[in-house]
Amino acid sequence: MARDNTQVRGNFSNQQVQSPKDPSETIPPRPRTEAAIQANNFFWFAFNNGRYDLIDQVLKALVGAYLNDPGDALTAGFIGTTHLWRLSEQSRLAEIPATITDSIVLGRKYLKRSVDLYPNAILLGQLGALTMAEGQIDANDALSKDGLSKLMRSVKDWPEFNLFTPGYLFSRMLPP
């Protein structure tokens with residue numbers, strides 16, 4: 001059910017109101033390790049403060065937490081999102097290494113794991129963008145089409161979010 005502009009404005013003015021489509025509601029609560037909680041908090045600190053220079057340290061903390069609990073969909077999702085962040089803001093680097101594409105492959109792996117555990121529109125959109133990118137790098141049209149399908153499904157599931165995400169915007173930067 002689509003919301004009209006009045007409802008959208010209402011959500012911005014009242015932080016307590018959540019969209020009925022909010023994908024975070026699809027991830028059931030489960031016990032999380034202290035390492036996962038700390039790594040997720042570190043991600044938010046770095047991301048919210050634009051600390052691109054901390055990405056390697058954030059990934060080290062997140063992957064360490066993931067290795068202790070590979071069933072934690074949130075941590076897997078944060079790892080994939082961090083790789084997407086690395087790609088989306090690569091222009092911050094003085095020199096962009098060819099190995100930046102490793103973040104496409106690794107980000108896709110972790111986002112797929114997260115979406116497989118607990119599907120949600122946010123991470124599906126990011127997965128779609130990275131799947132498209134990997135398909136383009138490998139000249140694999142089927143993989144690119146699969147990524148586009150995932151991305152468009154995520155937009156359909158929650159357009160208010162997925163039309164403005166790094167995943168969607170990154171997919172728009174890819175060559176045709």
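**Exercise 1. State what percentage of the residues in the protein is buried, and describe the fold and the confidence of the model.**

Step 1. Buried residues, those under 20% relative accessible area (exposed is over 50%, partly exposed in between; 1.4 Å probe, protein chains only), make up 42% of the 176 residues.

Step 2. The model is predicted: local features need pLDDT of at least 70, side-chain atom pairs count only at pLDDT 80 or more, and totals for chains, interfaces and linings use all residues. Residues are numbered from 1 along each chain as its sequence is written, and side-chain values use heavy atoms, with hydrogens and water left out.

Step 3. The protein has nine helices and zero strands, taken from DSSP runs (helices H or I, at least four residues; strands E, at least two) and numbered from the N terminus.

Step 4. Mean pLDDT (the predictor's confidence in each residue, from 0 to 100) is 81 for the protein, with 74% of residues at 70 or more. Among the elements, α1 (residues 5-13) has the lowest mean, 30, and α3 the highest, 98. Over residues 1-23 the pLDDT is below 50.

**Exercise 2. Find which residues touch the most other members of the largest nonpolar core, and which helices supply this core.**

Step 1. A nonpolar core is a set of buried Ala, Val, Leu, Ile, Met, Phe, Trp, Tyr and Cys residues joined through side-chain atoms within 4.5 Å. The largest one has 17 residues, and V58, L62, I79 and W85 touch the most other members.

Step 2. Helices α2 (34-48), α3 (55-68) and α4 (73-88) each supply at least two residues of this core; α3 gives the largest share, six.

Step 3. Leaving out residues up to four places away in sequence, L62 touches A39, N40, T75, F78, I79 and T82, where contact means heavy atoms within 4.5 Å.

Step 4. Another core, of eleven residues, lies apart from the largest one and includes V115, L124, L127 and L130.

**Exercise 3. Compare the expected span of helix α6 with the distance between its end C-alpha atoms, then examine both ends.**

Step 1. The expected span is 1.5 Å times one less than the number of residues. For the 17 residues of α6 (residues 121-137) this should be 24 Å, and the end C-alpha atoms are 24 Å apart, so the two agree.

Step 2. Of these 17 residues, 14 are buried.

Step 3. At the N-terminal end N120 acts as a cap, with a side-chain oxygen 3.1 Å from the backbone nitrogen of I122.

Step 4. Just after α6, A139 has a positive phi of about 55 degrees. Most residues other than glycine have a negative phi. A139 is in the loop between α6 and α7 (141-157) and is exposed, because its relative accessible area is 67%.

Note on methods
A polar contact is a pair of N or O atoms within 3.5 Å; within protein, one must be able to donate a hydrogen and the other to accept it, and residues adjacent in sequence count only if both atoms are side-chain atoms.
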